[in-house]
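This report looks at a single protein chain, moving from its strands and helices to the contacts between side chains. Please keep the sequence and the structure open beside the text while reading.

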Amino acid sequence: MPLTLLVTRPAPQAAAWVDKLRDKGLQATALPLIAIEPMAETTALRDAWHLLPQRDLAMFVSPNAVTGFFAARPAARTWPKGLRAAATGPGTVEALVQAGVPAAQCVAPRAAPFDSTALWAVLQDEDWTGRTALVVRGDGGRDEFAQALRSNGAKVAFVQAYQRHAPLWSQAERTLASAALAAPNQHVWLLSSAEAIDHLLALHPG
């Protein structure tokens, strides 16, 4: 019996992963362990858009950050000419381009690993003294990239564009999780977040 891959990314991303895995002939299904909600329009998001033309860089931690930030875009506002949008991987770059950011203004690692360390490696040789950057993220999260910018003389601001929480599983999803845990030799959990593991433990104690 072929292994079933359980994709635990948030729902929209999990569905895309499942489609790509199935195109490769693999047996995959979505079982999200993180739920994502865009922030309601906030003063912080409005201010971030207002100050965007004054930034030297805008860094997006994920496709969810892109979706949440652009959902708050003021009417008729376009992406500032010349402002680079930084991303940790191709999924976020794709989301930026779909949102209207010119591909030529996107900067990201060209090969794996796709993370903030690899992104900084692309930008670290520039002179950041006195320059400003905006980091668009969820509720909290690691800030190694921002620390690297600051240690090289940049000023960094943050804005929260979405929030994460445990998913509300349907009965079908609960049944799938129980079946997977009961037959571990038939399933592979694809986990990309410690938070997802915490949610699994909360949803399935023991």
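## A helix across a sheet

Helix α1, which covers residues 11-23, lies across β1, β2 and β10, and it runs at about 170 degrees to β2. The model discussed here is a predicted one, and what follows should be read with that in mind.

The strands that α1 lies across belong to an open sheet of three strands, whose order is β2-β1-β10 and whose pairing is parallel. The edges of this sheet are formed by β2 (27-30) and β10, each of which pairs on one side only. On average, and with direction ignored, neighbouring strands of the sheet are turned by 25 degrees against each other.

## How the strands are joined

Strand β1, made of residues 4-7, runs parallel to β10 and is joined to it by four bridges. Four bridges also join β1 to β2, and these two strands again run parallel. Valine 7 helps to show the arrangement, for it stands opposite leucine 190 in β10 and opposite alanine 30 in β2.

What do the side chains do along strand β10? In general, the side chains of a regular strand alternate between the two faces of the sheet. Such an alternation is found in β10 (residues 187-190), where His187 and Trp189 point to one face and are buried, whereas Val188 and Leu190 point to the other face and are not buried.

## Helix α5 and its surroundings

Which residues of helix α5 are buried? In this helix, which spans residues 116-123, they are Ala118, Leu119, Trp120 and Leu123. As a general point, an α-helix has 3.6 residues a turn, so residues three or four places apart point the same way. The buried residues of α5 pack against three strands and a helix, namely β4 (57-60), β5 (84-87), β6 (106-107) and α6 (144-151).

The N-terminal end of α5 is capped by aspartate 115, which has a side-chain oxygen 3.3 Å from the backbone nitrogen of threonine 117.

## Salt bridges

The structure has four salt bridges by the rule used here. One of them joins arginine 164 to glutamate 195, with 2.8 Å between the closest N and O atoms. This pair links distant parts of the chain, since arginine 164 is in strand β9 and glutamate 195 is in helix α8 (residues 194-203), 31 residues apart. Arginine 164 counts as partly exposed because its relative accessibility is 23%, between the limits of 20% and 50%, and glutamate 195, at 24%, likewise counts as partly exposed.

Arginine 164 also meets aspartate 139 in a salt bridge, at 3.9 Å from N to O. Here too the pair links distant parts of the chain: aspartate 139 is in the loop between β7 (132-137) and α6, while arginine 164 is in strand β9 (residues 162-165), 25 residues apart. Aspartate 139 has a relative accessible area of 31% and is therefore partly exposed.

A further salt bridge is formed by arginine 131 and glutamate 126, whose closest N and O atoms are 3.1 Å apart. At a relative accessibility of 26%, glutamate 126 is partly exposed. Through salt bridges that share partners, Arg84, Glu126 and Arg131 are joined into one network.

## A buried histidine

Is histidine 199 buried or exposed? This residue, which has its place in helix α8, has a relative accessible area of 12% and is therefore buried. When its neighbours within four places in sequence are left aside, histidine 199 is in contact with Leu33, Ile34, His165, Ala166 and Pro167.

## Aromatic pairs

How many aromatic pairs does a search of the whole structure find? The search finds nine. Among them is the pair of tryptophan 49 and phenylalanine 69, which is stacked, with 4.5 Å from centre to centre and 15 degrees between the planes. The two residues come from distant parts of the chain, as tryptophan 49 is in helix α2 (residues 43-51) and phenylalanine 69 is in helix α3 (residues 63-71), 20 residues apart.

Tryptophan 49 and phenylalanine 69 are both buried. They also belong to one aromatic cluster, which is formed by Trp49, Phe60, Phe69, Phe70 and Trp79.

Technical notes:
Residues are numbered from 1 along each chain as its sequence is written. This is a predicted model: local features need pLDDT of at least 70, side-chain atom pairs count only at pLDDT 80 or more; totals for chains, interfaces and linings use all residues. Side-chain values use heavy atoms; hydrogens and water are left out. Buried means under 20% relative accessible area, exposed over 50%, partly exposed in between (1.4 Å probe, protein chains only). Two strands pair if DSSP finds at least two bridges between them. Contact means heavy atoms within 4.5 Å. A polar contact is a pair of N or O atoms within 3.5 Å; within protein, one must be able to donate a hydrogen and the other to accept it, and residues adjacent in sequence count only if both atoms are side-chain atoms. A salt bridge is a side-chain nitrogen of Lys or Arg within 4 Å of a carboxyl oxygen of Asp or Glu. Axes are lines fitted to C-alpha atoms, for helices over the stretch in contact, and angles run from 0 to 180 degrees between N-to-C directions. Rings of Phe, Tyr and Trp (its six-membered ring) pair if their centres lie within 6.5 Å; planes under 30 degrees apart count as stacked, over 60 as edge-to-face and the rest as tilted.
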